[in-house]
Amino acid sequence: MSLKEKLMEDMKQAMKAKEEGRLRLAVIRMVRSAIRQAEIDGKKELDDEGIVSIISKEVKSRKDSLEEFRKGNRADLVQETEEEISVLLPYLPQQLSEDEIRALVEEAVRATGAVTQKDMGKVMGVLMPKVKGRADGKLVNRLVCEKLG
């Protein structure tokens, strides 16, 4: 079953669940809408990789908002945003641990022969396709900086 089909099935289940599935339904509809918009803009149907990319963007957006809500002492928005993230995460591939990312960083640094911060672009160019959708870009960036710094 493709990711798009799974989203459709989960949306139907959330609709049947009525009250309990209200937040889940809203989040799934939002993701399906973002997918549809990307397909219209790109004039092609997205595969699972494209859908994972969109869901990753949505999760990242919510995590960024979460930081701001915490700074503003908005516990209500923090809770709602965390719930939205928990609805989205099961649609993403298994996330890499920090140790796994460190190993990939080591491998990329060796492969590119990077030594200084100036080589960061080369390392990130090799690394990002390997971790796309499976790791937070900020964490990857930080680990590469530590390694090259």
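What share of the contacts in the chain with a separation of 6 or more comes from residues 24 or more positions apart? The legends below begin with that number.

**Figure 1. The whole chain, a predicted model.** Residues 24 or more positions apart account for 61% of the contacts (heavy atoms within 4.5 Å) with a separation of 6 or more. The chain holds 7 helices and 0 strands, and its pattern along the sequence reads α-α-α-α-α-α-α. Here helices (H or I, at least four residues) and strands (E, at least two) are DSSP runs, numbered from the N terminus. Along the principal axes, the C-alpha atoms fill a box of roughly 55 × 40 × 25 Å. Of the 149 residues, 34% count as buried; buried means under 20% relative accessible area, exposed over 50%, and partly exposed in between, with a 1.4 Å probe and protein chains only. Because this is a predicted model, local features need pLDDT of at least 70 and side-chain atom pairs count only at pLDDT 80 or more, while totals for chains, interfaces and linings use all residues. Residues are numbered from 1 along each chain as its sequence is written, and side-chain values use heavy atoms, with hydrogens and water left out.

**Figure 2. The largest nonpolar core.** A nonpolar core is a set of buried Ala, Val, Leu, Ile, Met, Phe, Trp, Tyr and Cys residues joined through side-chain atoms within 4.5 Å. This one has 22 residues, and L7, I35, I51 and I55 touch the most other members. Helix 1 (3–16), helix 2 (22–42), helix 3 and helix 4 (75–88) each supply at least two residues. Helix 3 gives the most, with 6 residues. Apart from this core lies another, of 17 residues, among them L104, A108, L127 and V144. To follow one member of the largest core, pick out L7: leaving aside neighbours within four places in sequence, L7 is in contact with I28, V31, R32, I35, I51 and Y91.

**Figure 3. Helix 3, from end to end.** Helix 3 has 24 residues and reaches 35 Å from its first C-alpha to its last, close to the 34 Å expected at 1.5 Å a residue; the expected span is 1.5 Å times one less than the number of residues. Look for its buried residues: G50, I51, V52, S53, I54, I55, E58, V59, R62 and L66. Their cover includes helix 1, helix 2 and helix 4. As a reminder for reading the view, an α-helix has 3.6 residues a turn, so residues three or four places apart point the same way. S65 also belongs to helix 3, and this residue is partly exposed, with a relative accessible area of 26%. S65 and V78 are 13 residues apart in sequence and 8.4 Å apart in space, C-alpha to C-alpha.

**Figure 4. The largest pocket.** A pocket is found on a 1 Å grid over the protein atoms alone: while a cavity is a set of points where a 1.4 Å probe fits but cannot get out, a pocket is an open set with protein on both sides within 12 Å along at least five of seven lines. The largest pocket has a volume of about 340 Å³, where grid points are joined across faces, edges and corners and the volume is the space filled by probe spheres set on the points. Its lining has 17 residues, each with an atom within 4 Å of a point. S56, K60, G133, A135 and G137 lie nearest the centre. Two elements, helix 3 (48–71) and helix 6 (120–131), give two or more residues to the lining, and helix 3 gives the most, with 6 residues. The lining divides into 6 nonpolar, 5 polar and 6 charged residues. In this count Ala, Val, Leu, Ile, Met, Phe, Trp, Tyr, Cys and Pro are nonpolar, Asp, Glu, Lys and Arg are charged, and the others, Gly among them, are polar.

**Figure 5. Two loop residues with positive phi.** K43 lies in the loop between helix 2 and helix 3, and its phi is near 55°, a positive value in a residue other than glycine. K43 is exposed, with a relative accessible area of 76%. N73 sits in the loop between helix 3 and helix 4, and its phi is also positive, near 55°. At 68% relative accessibility, N73 counts as exposed.

**Figure 6. E39 and its surroundings.** E39 has its place in helix 2 and counts as buried, at 16% relative accessibility. Not counting residues up to four places away in sequence, E39 touches K4, K44, E45 and L46. The C-alpha atoms of E39 and I51, 12 residues apart along the chain, are separated by 9.9 Å.
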